[in-house]
Amino acid sequence: VWQISDPQEISTIKTMIRNLPQTNEPEFWGLGFSGFKINGVNRSDMPSEIRVFLGIICIRRNNENDYFLDANNLEQTLIDASKKQAFPGNVHMAIAEYEEAVMLLSNNVDLAISSASEGAIDTALRICRVKGKPEGLTFARSIARTSKSDRLRKSAVALIGQFGDDSDLQLLNSIDNNGGGVNASVDRAVGKIQERSKGVTH
């Protein structure tokens, strides 16, 4: 949390949320870094709340939310500003991993062979799930098959469960748990695929 009091910074934010393309309400994940929230409740010239995450801006006025595309890249402006704040190391790390993950996806980097940090790759896989990006399946299959990281295998398996099909069941059932808690993720993914193949939806 930091206070934005500089009139120029406030003016910049107000400019960056004007005339944005409207979009539908997104699905945001609830764990780890989940964007920036600007509280303007004490300012009559600002929305009561602005939330910026995954290229979406949520503007709250009069207890109602409207959603817009972050066409002016307010999120990156806030990421850059956050680097100057005296946050705990784990907060800076989470933001850095998120920024790196977004870069990996925007550049279509192969996550399975990327030299990026484990946290960034994990975050990129989760972004694929939240934003409904089935093109991440190819990376997820490679990571589930070859990665030594239980953290990455869990995220890869979850992505396969969300977008995979019956052809992925053999891969999922062949994953060695090695005591890392991956089995529960595999069971959930297999269940989702089997339900889809039977035409069961939630």
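Start by selecting D168: at 3% relative accessibility, this residue counts as buried. Keep in mind as you click around that this is a predicted model. Now add R141 to the selection, and you'll see the two side chains meet in a salt bridge, 2.6 Å from N to O. D168 sits in the loop between α6 and α7 (169–174), while R141 belongs to helix α5 (residues 137–146), so the pair ties together parts that are 27 residues apart in sequence. R141 itself counts as partly exposed, at 23% relative accessibility.

Zoom out for a moment. The chain has 8 helices and 4 strands, and from the N terminus on the elements run α-β-β-β-β-α-α-α-α-α-α-α. Along the principal axes, the C-alpha atoms fill a box of roughly 60 × 40 × 30 Å. Of the 202 residues in the chain, 39% are buried.

Next, pick R151 and D122. These two form a salt bridge, with the closest N and O atoms 3.2 Å apart. R151 lies in helix α6 (residues 150–163) and D122 in helix α4, so this contact ties together parts that are 29 residues apart in sequence. Buried or exposed, what does D122 count as? Buried, at 5% relative accessibility. R151, on the other hand, is partly exposed, with a relative accessible area of 36%.

While you're on helix α4 (residues 118–130), select R126, which lies there too. R126 counts as buried, at 18% relative accessibility. Draw a distance from its C-alpha to that of G136: the two atoms are separated by 9.8 Å, with the residues 10 apart along the chain.

Now go to E99 and K83. Their side chains meet in a salt bridge at 3.2 Å, N to O. E99 is in helix α3 (residues 89–106) and K83 in the loop between α2 (74–82) and α3, so the contact ties together parts that are 16 residues apart in sequence. Both ends have some surface: E99 is partly exposed with a relative accessible area of 23%, and K83 is partly exposed with 48%. Add D80 to the selection and you have a network of salt bridges linking D80, K83 and E99. How many salt bridges does the structure hold? The count is 7.

Time for the strands. Show β1 (residues 36–39) with its side chains: F36 and I38 make up the covered face, K37 and N39 the uncovered one. In a regular strand, side chains alternate between the two faces of the sheet. Bring in β2 (residues 49–53), which pairs with β1 in the antiparallel sense over 4 bridges. Look straight across from F36 and you'll find V52 in β2 standing opposite.

Carry on from V52 to I57, which stands opposite V52 in β3. Strands β2 and β3 (residues 56–61) run antiparallel and are joined by 5 bridges. Their hairpin has 2 residues between the strands, and L54 takes a positive phi near 55° there.

Last stop: turn on the surface and select K154, R188, K192 and R196, which form a positive patch. Which helix gives the most to the patch? Helix α8 (residues 182–197), with 3 residues. Finish on R196, which lies in α8 and is partly exposed, with a relative accessible area of 35%.

Definitions and conventions
Residues are numbered from 1 along each chain as its sequence is written. This is a predicted model: local features need pLDDT of at least 70, side-chain atom pairs count only at pLDDT 80 or more; totals for chains, interfaces and linings use all residues. Side-chain values use heavy atoms; hydrogens and water are left out. Patches are made of residues with over 30% relative accessible area and no salt bridge: like charges are joined within 9 Å, nonpolar side chains (Val, Leu, Ile, Met, Phe, Trp, Tyr) within 5 Å. Accessible areas come from the Shrake-Rupley method with a 1.4 Å probe; for residues, only the protein chains shown count as cover. A salt bridge is a side-chain nitrogen of Lys or Arg within 4 Å of a carboxyl oxygen of Asp or Glu. Lys and Arg count as positive and Asp and Glu as negative; His and the chain ends are not counted. The place of a charge is taken as NZ of Lys, CZ of Arg, CG of Asp or CD of Glu. Buried means under 20% relative accessible area, exposed over 50%, partly exposed in between (1.4 Å probe, protein chains only). Two strands pair if DSSP finds at least two bridges between them.
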